[in-house]
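Student: I would like a close look at a single part of this protein, with enough of its surroundings to place it. Please pick one helix and take me through it slowly.

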Amino acid sequence: MPLTRDEAGVWSLELTEADREVAEASHAAYLDALPRYCTALDPIFQRARDASEFNFLMSLFAIRGMQDAGWDPYETTVRAIESVRAVYNDLEGDAARHLLLWIYGHIMEASEPYELLANLLDVSEGGRFHVARFSSPRGRGPLSPDTKIRKLEEKAKEVGIPDAVVPMKEAWDRELRNAIFHADYSLYGPEVRTIRPLRVYSHDEIMTLVNRALAYHEALSLLRRMHIESYREPVRIPADEEFTSNPREEAVVIVKEGYGAVGLKDGWSEEELRRGCIPYRLGRFSYTDMEMLNANPTLALLPPFE
C-alpha cells in the first residue's frame, strides 16, 4: 500500500481503488498504526543524518568487527518476516494463529532495531555510532525489550523526540511475549490464554498487538531502506572527527548499483595513496566485491547484486 509524506513530515496512506481489496483484508490497527509510526520514527533518521552523515550511515550498516557479507541480522529479520507472512497467508486454523504469535515475538524480541534506534537517537544530538548500546551486565542474559524500550524512552525525551518510542510502547506486551517464548499459552476458541500470569486475550486484542508490531517493523525497515536507497552514486561526506586526525578529511559512500549505500571508505586519490595516506574501508562485502575493491582502492561504485 502506497505511503506518502508531506512537507511537514506527516505520513499517510493513499489508497487507490487497486489497494482497496488489500486494505479491506488488513486489520484496522495496522492501517491506523503504519502511517503514524512512520511519522513518529522519521525525525530520528533525518536528525541523525543532518548531525553526522558518517555516523548515521555507520548506524544503518551496524558493522561490528571483521564481518563480510552474510552477517547482518537485521536484513535477515526483514526477509524472515516477509517470507513467514507469506506462509501465514496460506495457512488456516490453529497453525496460522501459532505462527502469528511467533511473528509477534520475533519482531518485539529482535535486538538490532533497538540498537539502531539507540544509535540514531544519540547521533542526532552529536553522538557517535557504538557497536553495542544494550550490553548485558556481566553474568546475566540479554536485556529484555521492556528494559530497552524504557531506556529508549528516556533518550528520546532527552533529545526532544518523545514520539519516537510510541511504536514500541504500543506494540509491546511483556506477558504475551513471555507466554509465547515459554510456550505458556493455550488457544481456546478465539482466545489466547496465558498461564503465567493467568490472563485471557480476546482475538481482537491479539490482532491489535500483532498488527501494531507489524506496523512498527514495516515503518522502521521502510525508513532504513529509503535512506539507503537515496544514495544512487558515491558521494563525499565529512569524515567523523574522532575517526581521523585531519578535520578536513572526507569519506566516500560506497554504493551498490540498484541497491544503495553499502559502506564507507577513505577519500584519498591514487596520488595521495602513493604518498602513503592510509586507506580504510567499512562495510560487509562479498568476496567478488572485495576483489574489486582491493584491485582498485579508489573504487566506490559496485555492480548490482546477481
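Tutor: What follows goes from the whole chain to helix H7, and then to a few residues elsewhere that have unusual backbone angles or lie in a neighbouring helix.

Please keep in mind that this is a predicted model. The protein contains 12 helices and 10 strands. Its C-alpha atoms fill a box of roughly 75 × 50 × 40 Å along the principal axes. A compact globule of 306 residues would have a radius of gyration near 19 Å, and the 21 Å of this protein agrees with that. Of the 306 residues, 46% are buried. If we take the contacts between residues at least 6 apart in sequence, 64% of them join residues at least 24 apart. On the outside, the protein exposes about 16,100 Å², and carbon and sulfur atoms supply 51% of this area. There are 36 positive and 51 negative charges, and the mean positions of the two sets are 6 Å apart.

Now to the helix. H7 covers residues 145-159. Its 15 residues should span 21 Å at 1.5 Å a residue, and because the end C-alpha atoms are 21 Å apart, the expected and the computed lengths agree. Which residues of H7 are buried? They are Pro145, Thr147, Lys148, Ile149, Leu152, Glu153, Lys155, Ala156 and Val159. Note that Lys148, Glu153 and Lys155 are on that list along with Ile149 and Leu152. To read such a list, recall that an α-helix has 3.6 residues a turn, so residues three or four places apart point the same way. Ile149, Leu152, Ala156 and Val159 can be followed along the helix with this in mind, and each of them is buried.

What do the buried residues of H7 pack against? Their partners are four helices: H2 (28-51), H5 (93-109), H6 (111-124) and H8 (166-171). Just after H7 comes Gly160, with a positive phi of about 85 degrees.

Two of those partners can be described a little further. The 17 residues of H5 should span 24 Å, and the end C-alpha atoms are 25 Å apart, which agrees. H5 has buried residues of its own, namely Ala96, Leu99, Leu100, Leu101, Ile103, Tyr104, Gly105, Ile107 and Met108. In H2 we find Asp32. Asp32 counts as partly exposed because its relative accessible area is 41%, and partly exposed stands for values between 20% and 50%. From Asp32 to Glu75 there are 43 residues in sequence and 25 Å in space, C-alpha to C-alpha.

Gly160 was a glycine, so a general point helps before we go on: most residues other than glycine have a negative phi, and most peptide bonds are trans. Ala62, in the loop between H3 (53-61) and H4 (73-89), has a positive phi of about 50 degrees. Ala183 also has a positive phi, near 55 degrees, and sits in the loop between helix H9 (174-181) and strand E3 (185-188). Are these two alanines buried or exposed? Ala62 is buried, at 5% relative accessible area, whereas Ala183 counts as exposed, at 59%. As for peptide bonds, the one from Arg196 to Pro197 is cis, with omega near -5 degrees. Pro197 belongs to the loop between strands E4 (191-194) and E5 (199-201).

Terms used. Residues numbered from 1 in each chain as written. Predicted model: local features only at pLDDT ≥ 70, side-chain atom pairs only at ≥ 80, totals over all residues. Heavy atoms only, no water. Helix = DSSP H or I, 4+ residues; strand = E, 2+ residues; numbered from the N terminus. Rg over C-alpha atoms; globule rule 2.2 N^0.38 Å. Buried < 20%, exposed > 50% of the residue type's maximum accessible area, 1.4 Å probe, protein only. Contact = heavy atoms within 4.5 Å. Areas by Shrake-Rupley, 256 points an atom, 1.4 Å probe, with all protein chains shown as cover. Lys, Arg positive; Asp, Glu negative; His and termini not counted. Charge placed at Lys NZ, Arg CZ, Asp CG, Glu CD. Expected span 1.5 Å × (residues − 1).
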